[in-house]
Amino acid sequence: MSTRVLVTGATGFVAGHVIDELLEHGYAVRATVRDLDAADKRAHLVRAAERTGGELEFVAADLGRDAGWAAAVAGCAAVLHVASPFPATPPADEQDLIGPAVEGTLRVLRAAAATGSVRRVVLTSSIAAITHGHDVHDVVRTEADWSVPEKSAAYQKSKTLAERAAWDFVAALPAGERLELVAVNPGMILGPVQSATATSTSHEPVRMLLSRAVPGSPRVGWATVDVRDLAVLHRLAMETPAAAGNRYVAAGAHLWMRDLGRTLATEFGPRGYRVPTRVLPDLLVRAIALFDKTVRLTVPTLGIEELLSSEKAHRELGWTMRPARGSLLDTAESLIQHGIVAAPRGAAAPVPAAATSA
Ligand SMILES: NC(=O)c1ccc[n+]([C@@H]2O[C@H](COP(=O)([O-])OP(=O)(O)OC[C@H]3O[C@@H](n4cnc5c(N)ncnc54)[C@H](OP(=O)(O)O)[C@@H]3O)[C@@H](O)[C@H]2O)c1
């Protein structure tokens, strides 16, 4: 009988690839969704199960409610807790992010600890729990670093407080009820979307550049990781006995948005995509930020490089990362194939990708 694993937030970008990876490796997957009626949002996962001949079932559970979590974890050997709100625009009330992130993580952990069958929980944290709120920026951050929540924006705060709460929860469990916890801390996640609905906020820079929704690039950038590599890391974090109790950064070299634009212009320009390649002056970005709260989020990061080391995951888990350029191009290609970026005027529309998994 296959080992059963629970994955939370199945309709999301990362969870879809994690589910694929688990099915490919013979695990039986139970996956949580908020809305069991929205079958279209999980059709790509059903196709993945058919392709691999794997066992996949869906259950309903919301991070904001207790209902459903006990049934979700029942009989599972491990839980990969991926779900967490990741909106492109900050909410009016930061508790809308922090509540589901922190309380939701605790709900999942409480249910897992109560089953007796779950030995390990892998938490999808983020470098948002590592790199924010520091006064010094020119140092390479590692698993030893923590963001300062009091000096971080809502999303970063939600990820930091959720991961802290998870470590505190497992540390406080009685000896006989010990759960193993592993945190995975990815940078900005690129890579192909599996369906038109399974997109993430992290696709926004690529989408905006390809569809010329921005006139150029602010001086911002990110340490990136490919979603397919990240899915492998989730599996390794679940399978490797010695990973218990560890955090693992998953982020490569910093990429400036300007360089994303230049690569996309080179590759997609000949196909009619008018990708902007100019750099927007900081002064202009600060001016726009006065009335646009999404742009306002970028202001504290102007000119700052995200410097991180993933050496620990390479060394301890044998994990490897593919080059960022291919990951970027695969992201862009998938946004076009799934109709998230429209074909340029006069160009033939792409063949719909609905029947493919990536
Ligand atoms: N993408 C990145 O660059 C990045 C980087 C670092 C870490 N992460 C982390 O990776 C994880 C997945 O992110 P993603 O990029 O895949 O984002 P995503 O596509 O937006 O997926 C988020 C998932 O969380 C679910 N969710 C949100 N609020 C929920 C709630 N109250 N109850 C139950 N489910 C809820 C969503 O369900 P619905 O479909 O029902 O909304 C969705 O399935 C998150 O923990 C995120 O913080 C992402």
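In this predicted model, W222 has L255 as its bridge partner, and L255 sits in β10. That bridge belongs to a pairing between strand β8 (residues 221-226) and β10, which is antiparallel and covers 3 bridges. Zooming out a little, β8 and β10 are part of an open sheet of 3 strands, lined up in the order β7-β8-β10, and the pairing in this sheet is mixed. The edges are taken by β7 and β10 (254-256), each of which pairs on one side only. Direction aside, neighbouring strands here are turned against each other by 55 degrees on average. A helix joins the picture too: α7 packs on this sheet and touches β7 and β8, and its direction makes about 60 degrees with that of β8.

There is also an open sheet of 7 strands. Reading across it, the order is β3-β2-β1-β4-β5-β6-β9, and the pairing is parallel. β3 (56-60) and β9 (247-250) stand at the edges with a single partner strand each, so one side of each has no neighbour in the sheet. From one strand to the next, the twist averages 20 degrees. Over at the β9 edge, strand β6 (residues 180-186) runs parallel to β9, and 4 bridges join the two. One pair of bridge partners here is P186 and A250, with A250 in β9. Lying across β5 (120-124) and β6 is helix α5 (residues 154-172), which runs at about 165 degrees to β6.

Now for the helices. A pair of packed helices is described by two things: the angle between the axes and the distance between them. Take α1 (13-24) and helix α7 (residues 227-239), which pack at an angle of about 60 degrees with their axes 8 Å apart. The two helices, α1 and α7, are therefore oblique to each other. The crossing of α1 past α7 is right-handed. On the α1 side, the contact is made by F13, V14, H17, V18, D20, E21 and L22, while α7 brings V227, R228, L230, A231, V232, H234 and R235. Sorted by class, the residues of this contact between α1 and α7 come out as 8 nonpolar, 4 charged and 2 polar.

α1 has another partner as well, helix α2 (residues 43-52): the axes of α1 and α2 come within 10 Å and cross at roughly 15 degrees. That angle makes α1 roughly parallel to α2. Here, too, α1 makes its pass in a right-handed crossing. The residues that meet are G16, I19, D20, L23 and E24 from α1, and H44, L45, A48, A49 and T52 from α2. This contact of α1 with α2 holds 5 nonpolar, 3 polar and 2 charged residues. D20 is worth a second look in the structure, since D20 turns up in the contact with α7 and again in the contact with α2.

A further helix pair is made up of helix α8 (residues 257-268) and helix α12 (residues 324-337), packed at an angle of about 65 degrees with their axes 11 Å apart. α8 passes α12 in a right-handed crossing. From α8, the contact takes in L260, T263, L264, E267 and F268, and these face R325, L328, L329 and A332 of α12. The class count for α8 with α12 is 6 nonpolar, 1 polar and 2 charged.

That leaves the ligand. It is surrounded by 25 residues, and the closest are G9, G12, S84, S200 and S202. Which elements give two or more residues to the shell around the ligand? They are α1, α4 (95-115) and β7 (188-190). Of these, α1 gives the most, with 3 residues. Within the shell, 12 residues are nonpolar, 10 are polar and 3 are charged.

Putting the pieces side by side, α1 keeps coming back: α1 packs against α7, crosses α2 and contributes to the shell around the ligand. β7 also has two roles, as an edge strand of the sheet it shares with β8 and β10 and as one of the elements that give two or more residues to the ligand shell. Finally, α7 ties two of these scenes together, packing on the sheet where it touches β7 and β8 and meeting α1 through residues such as V227 and L230.

Notes:
Residues numbered from 1 in each chain as written. Predicted model: local features only at pLDDT ≥ 70, side-chain atom pairs only at ≥ 80, totals over all residues. Near = placed C-beta within 6 Å. Nonpolar A, V, L, I, M, F, W, Y, C, P; charged D, E, K, R; others polar. Axes fitted to C-alpha atoms, helices over the stretch in contact; angles between N-to-C directions. Parallel < 35°, antiparallel > 145°, perpendicular 65-115°, else oblique. Left-handed = near helix turned anticlockwise from the far one by under 90°. Contact = placed C-beta atoms within 7 Å. Pairing = 2+ DSSP bridges.
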